Amino acid sequence: MFQASNIGHENADTHHADVLVVGAGLAGLYILYSLRQRGLTARAFEAASDVGGTWYWNRYPGARVDVDSVQYSYNFSDELIREWVWTEKFASQSELLRYINHVADRFDLRRDIRFNTRVTSAVFDENANLWSLKTDQGDIATGSYCIMATGSLSAPFKPNLPGLESFGGDCYQTATWPHEEVKLSGKRIGIIGTGSTGIQAIPVLAEQAKHLTVFQRTAQYTTPARNKPITVEEQREFNSCHAEYYNKVRHTFSGVTGFPIPTKCLHEDTPEERLAYFEKRWKEGGMLQSMLGTYTDININAKANEIVANFVRDKIHETVNDPEVAALLAPSKDLPIGSKRLPIDTDYYETYNRKNVTLVDVRRDPIEHITPTGLKTGSAEYNFDILIFATGFDAMTGALLAIDIRTESGARLQDLWSQGPDSYLGLMVAGLPNFFIINGPGSPSVKSNMIITIEHHTDWIMDLLDYVSVKGFDRIEATKQAQNDWVEHAREVAEATLMPIADSWYVGANIPGKKRVYMPYFGGFDRYCKTCDEIVADGYRGFTLSRLKKTKNSSNFAAE
Ligand code: NAP
């Protein structure tokens with residue numbers, strides 16, 4: 001049967017493993033490592049030609065992590081922790097990719113991965129209790145369990161602008177930036193998009209371009225990264241307290257430590273006190289939480305939020321020489337700070353003081369179409385040699401829904417998620433047995449330090465696989481009731497905050513037609529971990545664990 005399906009694909013492969021894994025980024029690699037530790041066999045598929053996920057694809061100028069590198073590192077191996085030394089507080093994409101390659105080599109993980117291979121479907125046969133993956137290379141792989149490590153921000157989105165095919169210059173998308181060097185120097189460059197990606201790329205592009213035109217639809221808040229080199233001694237010092245760090249980080253809201261945890265509401269301080277505090281934190285810069293983590297109520301109290309937002313607006317006006325440009329860069333009053341992901345930057349606002357940079361407000365003057373030489377808005381025409389799309393992703397669900405995921409009896413992920421991406425803990429979807437998601441919608445994932453949630457989810461799934469194996473079960477399914485309760489809890493938690501207000505990718509507002517749902521869990525990583533632990537202590541509450549047996553009168557198998 002397998003061979004017949006493979007016809008037409010010379011290098012097609014058939015494979016059976018205990019566990020199938022989709023994706024070989026930070027999550028996929030740790031899953032492979034963990035499975036091997038348990039003596040379980042694995043087969044992973046990866047669309048890219050090598051490991052790295054996000055850091056394989058996003059090679060655009062200026063790409064770097066926005067969580068401290070020492071905390072954006074795996075924690076599972078003491079040797080790995082000891083031997084790797086980061087060179088910068090916020091590592092560049094190339095350094096991150098070197099690290100990930102080092103991990104893949106060190107633990108010999110590539111041998112379980114089939115590269116240049118995109119999974120097209122995943123189908124569960126209830127009778128055989130097997131997932132079966134098909135790929136665009138004609139491969140077929142079967143396994144008892146399937147784990148999706150497909151990433152939260154891995155399905156790039158490019159708006160369908162008329163005339164794009166007529167553009168005579170070079171066109172790039174940040175999320176699929178070429179591996180070869182792109183010659184930017186002396187070029188007229190246009191860039192669409194001012195999210196975290198655009199905000200990282202724009203200052204670097206401006207240094208090289210003859211002229212850079214930035215097309216901004218929504219002004220974003222950003223705060224200074226204050227990136228700096230890390231010395232070997234600093235890394236050693238961090239490593240020497242690693243156990244303490246790891247224990248502490250699991251009790252944090254965002255999976256990150258190293259900044260003062262807020263203890264007061266904003267209005268407990270006088271205006272002078274908070275201004276002094278904001279200034280201090282602005283100067284320190286650094287991690288994402290530098291402004292949002294100043295007081296306890298910034299994410300929940302509109303008035304407190306506005307005071308922080310105004311502080312950043314004032315900084316924009318202080319930094320940008322041209323008051324009209326500063327006004328365009330200052331986010332509107334109805335956008336709470338933090339409700340779109342808050343980027344950190346290096347000289348973003350300063351870049352608009354350069355003579356070779358123009359900011360165009362495409363909310364007021366929308367892009368009409370792409371021309372052979374550039375782009376036309378309602379009232380003006382712009383010419384460039386290079387056009388760059390920094391227009392984001394179909395976040396959290398895009399990569400999963402691109403795969404035809406279903407059971408043979410007819411449950412399809414596309415249908416199950418037609419009203420929003422319901423899940424239990426972000427880990428499983430009711431109706432899809434033995435199928436797990438890492439950093440799925442409903443998990444803290446993108447509101448946390450991703451590598452910390454990757455390790456948490458993977459460890460949690462591995463413990464569950466151990467548990468079912470010991471108990472003699474072989475089928476795991478989230479109950480609909482537990483899923484409904486979790487979805488409701490996640491919705492309540494998000495709606496008690498200012499987070500769902502913005503038209504962000506968190507709510508799917510950037511994708512035409514996508515159902516508006518606040519997708520990540522915003523109850524905190526600490527609370528999430530506690531809930532997961534309690535569920536285990538209650539004998540995996542909300543999961544149905546069962547085992548297949550042959551029924552007396554039939555050759556079919558049934559779960560009991
Ligand atoms: P994004 O935040 O969704 O930003 C996309 C940008 O493109 C927005 O400015 C958006 O405008 C604009 N845009 C989209 N369609 C447009 C159109 N038709 N016309 C004009 N403008 C358009 O995407 P991103 O910047 O790639 O960032 C996504 C996420 O990736 C981040 O929030 C972050 O979580 C992650 N990221 C992390 C890092 C890091 O760790 N250092 C770096 C980069 C990205 P609107 O705002 O008006 O929609």
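**Exercise 1. Charges over rings**

Which ring does the charged end of R59 sit over, and at what distance from its centre?

*Solution.* Start with the rule: a charge sits over a ring if NZ of Lys or CZ of Arg is within 6 Å of the ring centre and within 35 degrees of the ring normal. The charged end of R59 is placed over Y56, 5.0 Å from the ring centre. Next take K158. Its partner is F389, with 5.2 Å to the centre of the ring.

Two notes on the source. This is a predicted model in which local features need pLDDT of at least 70 and side-chain atom pairs count only at pLDDT 80 or more, while totals for chains, interfaces and linings use all residues. Residues are numbered from 1 along each chain as its sequence is written, and side-chain values use heavy atoms, without hydrogens and water.

**Exercise 2. An aromatic pair**

Classify the pair F124 and W131: stacked, edge-to-face or tilted?

*Solution.* A pair of aromatic rings is described by the distance of the centres and the angle of the planes. Rings of Phe, Tyr and Trp (its six-membered ring) pair if their centres lie within 6.5 Å; planes under 30 degrees apart are stacked, over 60 edge-to-face, the rest tilted. That rule yields 38 aromatic pairs. For F124 and W131 the centres are 5.2 Å apart and the planes stand at 40°, so the pair is tilted.

Now check burial. Buried means under 20% relative accessible area, exposed over 50%, partly exposed in between (1.4 Å probe, protein chains only). F124 has 0% relative accessibility, so F124 is buried. W131 also has 0%, so W131 is buried.

**Exercise 3. Placing S92**

Where does S92 lie, and which residues is S92 in contact with beyond four places in sequence?

*Solution.* First, the elements: helices (H or I, at least four residues) and strands (E, at least two) are DSSP runs, numbered from the N terminus. S92 falls in the loop between α4 (78-83) and α5 (93-106). Then accessibility: S92 has a relative accessible area of 15%, so S92 is buried. Last, contacts (heavy atoms within 4.5 Å). Outside its neighbours within four places, S92 touches A63 and R64.

**Exercise 4. Around the ligand**

How many residues surround the ligand?

*Solution.* Count residues with a heavy atom within 4 Å of the ligand. There are 23, and the closest are R64, T197, R217, T218 and K340. Then look for polar contacts (pairs of N or O atoms within 3.5 Å; within protein, one must be able to donate a hydrogen and the other to accept it, and residues adjacent in sequence count only if both atoms are side-chain atoms). A polar side-chain atom of T218 is 2.4 Å from a ligand oxygen. For D66, a polar side-chain atom is 3.1 Å from a ligand oxygen.

How values were computed
A residue is near a molecule or strand if one of its heavy atoms lies within 4 Å of it.
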